[in-house]
Amino acid sequence: MCGILGIVARSPVNQLLYDGLLLLQHRGQDAAGIVTSEHNSFHMHKAPGMVRDVFRTRNMRSLPGNMGIAHCRYPTAGSAFSSAEAQPFYVNSPFGIVLGHNGNLTNSVQLKDEMFRTDLRHINTGSDSEVLVNVLAHELEQASVKLHLDPQTIFTAVANVHRRLRGAYAVVAMIAGYGVLAFRDPYGIRPAVIGYNETPNGTEYMVASESVAVDANGFRVLRDVGPGEAVFIDQEGRLHSQQCAPKASLNPCIFEYVYLARPDSLIDGASVYETRLNMGEKLAHKIRRQYQHLDVDVVIPIPDSSRPSALQLAHGLGVPYREGFVKNRYIGRTFIMPGQAVRSRSVRQKLNPMSMEFSGKNVLLVDDSIVRGTTSREIVQMARDSGARKVFFASAAPPVRFPNVYGIDMPTKGELIAHDRSIEEIRQFIGADALIYQDVAAMKRVVAQLNPKLAGFEASCFDGHYITGDVSAADFDAMAAQRQAQGEEEDGPDRSRLALQGIVHDGR
């Protein structure tokens, strides 16, 4: 999960890109970067850290130009701590190209080898995004005639990029002297939306991961980038688009609606806020049907992303909704912090309970999901320490039982509390008096009902079905068995990512 942004405007874009990154900060906290274009020259500044810390006034002044792209990084491949892997990435041959990528390539190891042996390109980091920008540069070179580009040549190159890549990717790139290019994988797993702004000097365009970056910057949403589609905005501000994948189908990552996206965003035509309300309503139906014996006094959300679900759940059960935890706004999102030790240490720094809302009550805590279980266990204990008589726990999402390979940091089964445990075993682990999960089918229905075009979803972490077809749950079983035989532990994220990349099939 990362945030991407691209703008072609009629005036300097540096402030727009900065403001857009702030709106997408929830998608990545490890690094940020902005590249602008002036004539045929790029101006770049990127570094590890939050957006507000990476960019100072002197940095913004050094980013002139009416065209640019930006990125905030959450690492799922490579290193979480390497400044060399901050994006956008740059290549200078045969065209000057900068690129930012949201997602994860499942065949990056094979591609890296091809880059060296066949395409004669050297990859200097462990980032699959550097692989991607080199694949794009090579295909642009192959598609061009006398190194000249036009929209059709660019779309031909993107079609060949689709042919070579496997996995999830929403991409924004800028080609020196030409314009901004955006494209999305043929399954539409990671999101991308197009916005526009009418000015006296002409139309301005923006491409962003989420509609919130479009709305809050004064642009209007035009539409989503389609699965397999490429959108090119030239330097003169003309928008060109073409379907570049022969078999494209829309299967957005359902975890975007559960947790990743901001509630004020639209993802593929469905309101994130409304989907979370509906998930709470479905939970209320399930509790009234299967858990009538629970004597719930109050519903309390785990801030922030569970609030809509908890609000609707409380309404459905006819019990009070209360804010029982105060969140420290200066601590990052716990789920996307690199390293389990950092995550665990952050929970009590991040949330502080208000005893008056817990003391002597049967409390139903609501979270958006339970991934590793350690955060949930800490929160349940905090509720007990604050005087709760009983602590029930509800997850707006189903059990997360399988690793994700499409851009979310849950790469190994050993990190997932629900992988090899029953609901009762999970309940005992987190220390709750009752545990209620959303059903997979119900979760898919509440999202699909908001947009008839959403016939399928990438929900592999819940149902074990990997939509791209080049990896399966059996691969993870084989990897785990192999590592167990070698006496290795299954809790090293960098090592597990490398092992995972080694067993993914090249499905070409």
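Two strands count as a pair here if DSSP finds at least two bridges between them. Keep that in mind as we walk through this model, which is a predicted one.

Strands E12 and E13 clear that bar: E12 covers residues 229–234, E13 covers residues 239–243, and five bridges join them in an antiparallel arrangement. If you want one pairing to look up, take Phe-232, whose bridge partner in E13 is His-240. Now follow the chain around the turn of this hairpin. Four residues sit between the strands, and Gly-237 adopts a positive phi near 85°.

Next, jump back towards the start of the chain. Ser-11 sits in the loop that connects strand E1 (3–8) with helix H1 (14–23). What does Ser-11 touch, once residues up to four places away in sequence are set aside? The contacts are Gly-65, Asn-66 and Glu-204. Take Asn-66: its C-alpha is 5.2 Å from that of Ser-11, although the two are 55 residues apart in sequence. Even with these contacts, Ser-11 is partly exposed, at 34% relative accessible area.

On to the charged side chains. Opposite charges on side chains can pair when the charged atoms come close. The salt-bridge count for this model comes to 26, and a few of them are worth a visit.

Start with Arg-164 and Glu-139, whose side chains meet at 2.9 Å, N to O. Arg-164 belongs to helix H6 (residues 151–164) and Glu-139 to helix H5 (residues 128–143), so this salt bridge ties together parts that are 25 residues apart in sequence. Are the two partners buried or exposed? Arg-164 has a relative accessible area of 5%, so it is buried, the cut-off being under 20%. Glu-139 is buried as well, at 5%.

Lys-286 and Asp-439 also form a salt bridge, again with an N to O distance of 2.9 Å. Lys-286 is in helix H9 (residues 272–290), while Asp-439 is in the loop between strand E21 (434–437) and helix H14 (440–448), so the pair links parts 153 residues apart in sequence. Here the burial is mixed: Lys-286 is buried at 9%, whereas Asp-439 is partly exposed at 32%.

Then there's Asp-53 with Arg-52, a salt bridge whose closest N and O atoms are 4.0 Å apart. Asp-53 is partly exposed at 43% relative accessibility, and Arg-52 is partly exposed at 43% too.

Finally, look for a set of four: Arg-27, Arg-190, Glu-210 and Glu-256 are linked in a network of salt bridges.

Methods
Residues are numbered from 1 along each chain as its sequence is written. This is a predicted model: local features need pLDDT of at least 70, side-chain atom pairs count only at pLDDT 80 or more; totals for chains, interfaces and linings use all residues. Side-chain values use heavy atoms; hydrogens and water are left out. Helices (H or I, at least four residues) and strands (E, at least two) are DSSP runs, numbered from the N terminus. Buried means under 20% relative accessible area, exposed over 50%, partly exposed in between (1.4 Å probe, protein chains only). Contact means heavy atoms within 4.5 Å.
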